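Me: Please take me through the structure below. I shall begin with one residue and move outwards from there.

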Amino acid sequence: MPNYSVPAFTAFIKNLRTHFSKEYQETKHWEGVRRILQTLCADEAMRAKSREWIAKRGVELELYHDSDYKFFVGALIREPQHRANVHDHAHTWTIYGVLEGKEQTHVYERLDDGGTVGKAELKLVAKSAAPSGHVDIVPPWVPHSEWGMGERSVAITVRSQRPGDYAQNRFNLKTGETNNSHRGLKLIPTTV
Ligand SMILES: [Fe+2]
C-alpha cells in the first residue's frame, strides 16, 4: 500500500481492506463500507486535500484500485450547479459520500419492463439533500442523478469494480430514450 499524505486516507484504505476480507453478506457488507466512508468524509485534512483538485465534467479521479478485492476509490469534483445525467452503474455497487459542498440526490424507479429497446419510463421516487458528510448506497441498476447545489462539491466513491470495462445505462427524461453506450467517466490517476 502506498504512503498517503492524508493519514485518514491511509486508515480508510486499511479499514476497507480489512472489511472486504471478512466476506459479509451483501447488505451488511455495503452498510459497513458506508460507515467507513462516513469517517473519511468527516476528516478535515481530507477535505483540505480535495481543494487541490480541479473541477471537470466527465472526469473521475482514480484515487485507489485494490488488486486483491478489486474495489475502486474515486473522486468526483463538481462545478457549481452541476447537473449529472440520469444513469445507473449497471451491475456494480457504489457507496457515494459528499466530502465537501452540498449536493442533491435524485433516485428513479423504472416503470417499464425493458421490453422496448432504447426506451425507458422512469418515475422520480426520492429527492434528498446530500450535505457534506452525507453518504449514500447506490445498488446495482438503480437510475439516479446527483446535482451540485450552487457551489463546488467533491464526492468520494467506493465502487465494487473499477469503471470503464462495462456499459452503464443513461436515461433521457424528456424523450424517454435510453442507451447503454456509456462506459463511465474518464479516469485520471491522482495521488492523495
Ligand atoms: Fe452515479
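**Single residues, core, sheet and helix**

Me: Is Thr 190 exposed, partly exposed or buried, and why?
Reply: Thr 190 is partly exposed, because 15 other C-beta atoms lie within 10 Å. A residue is exposed with 12 or fewer other C-beta atoms within 10 Å of its own, buried with 20 or more, and partly exposed in between, the C-beta atoms being placed from the backbone.

Me: What sort of model is this, and how are the residues numbered?
Reply: The model is predicted: local features need pLDDT of at least 70 and side-chain atom pairs count only at pLDDT 80 or more, whereas totals for chains, interfaces and linings use all residues. Numbering starts from 1 along each chain, as its sequence is written.

Me: Where is Thr 190 found, and what does it touch?
Reply: Thr 190 belongs to the segment after S12. Helices (H or I, at least four residues) and strands (E, at least two) are DSSP runs, numbered from the N terminus. Leaving aside residues up to four places away in sequence, Thr 190 touches Trp 53, Leu 61, Glu 62 and Leu 63. Contact requires C-beta atoms, placed from the backbone, within 7 Å.

Me: How far apart are Thr 190 and Lys 102?
Reply: Their C-alpha atoms are separated by 23 Å, and they are 88 residues apart along the chain.

Me: Now the interior. Which residues have the most contacts inside the largest nonpolar core?
Reply: Leu 37 and Ile 156 have the most contacts inside this core of 31 residues. Such a core is a set of buried Ala, Val, Leu, Ile, Met, Phe, Trp, Tyr and Cys residues joined through C-beta atoms within 7 Å.

Me: Which elements give two or more residues to this core?
Reply: They are helices H1 (7–21) and H2 (26–40), with strands S1 (59–65), S2 (72–78), S4 (94–100), S7 (135–138) and S9 (153–159). S2 gives the most, five residues.

Me: And what does Ile 156 touch?
Reply: Apart from residues up to four places away in sequence, Ile 156 touches Leu 37, Leu 40, Cys 41, Val 73, Ala 75, Gly 97 and Leu 99.

Me: On to the sheet. In what order do the six strands stand?
Reply: The order is S7-S4-S9-S2-S1-S12, in an open sheet with mixed pairing. S7 and S12 (186–189) are at the edges with a single partner strand each, so one side of each has no neighbour in the sheet. From one strand to the next the twist averages 30 degrees. Two strands count as paired if DSSP finds at least two bridges between them.

Me: How many bridges do S2 and S9 pair over, and what stands opposite Ile 77?
Reply: S2 and S9 pair over seven bridges in the antiparallel sense. Val 154 in S9 stands opposite Ile 77.

Me: Which strands does H2 touch on the sheet?
Reply: H2 packs on the sheet by touching S4, S7 and S9, and its direction makes about 15 degrees with that of S4. Axes are lines fitted to C-alpha atoms, for helices over the stretch in contact, and angles run from 0 to 180 degrees between N-to-C directions.

Me: Which residues of H2 are buried, and which are exposed?
Reply: Val 33, Ile 36, Leu 37 and Leu 40 are buried. Seen down the axis of H2, the buried residues fall within an arc of 100 degrees, so they line one face of the helix. The arc is that of the directions from the helix axis to the C-beta atoms. Thr 27, Lys 28, Glu 31 and Arg 35, on the other side of H2, are exposed.

Me: What do the buried residues of H2 pack against?
Reply: They pack against H1, helix H3 (44–50), S4, S7 and S9.

Me: Another topic: where is Lys 70, and what is its phi?
Reply: Lys 70 is in the loop between S1 and S2. Its phi is positive, about 70 degrees, although Lys 70 is not a glycine. Lys 70 counts as exposed because it has 12 C-beta neighbours inside 10 Å.

Me: And Ala 90: where does it lie, and what is its phi?
Reply: Ala 90 lies in the loop between strand S3 (86–87) and S4. Its phi is near 55 degrees, again a positive value in a residue other than glycine. With 17 other C-beta atoms within 10 Å, Ala 90 is partly exposed.

Me: Finally, which face of S8 is covered?
Reply: In strand S8 (residues 144–148) the covered face holds His 144, Glu 146 and Gly 148, while Ser 145 and Trp 147 form the uncovered one. In a regular strand, side chains alternate between the two faces of the sheet. S8 is joined by five bridges to strand S5 (residues 102–110), and the two run antiparallel.

Terms used
Two residues are in contact if their C-beta atoms, placed from the backbone, lie within 7 Å.
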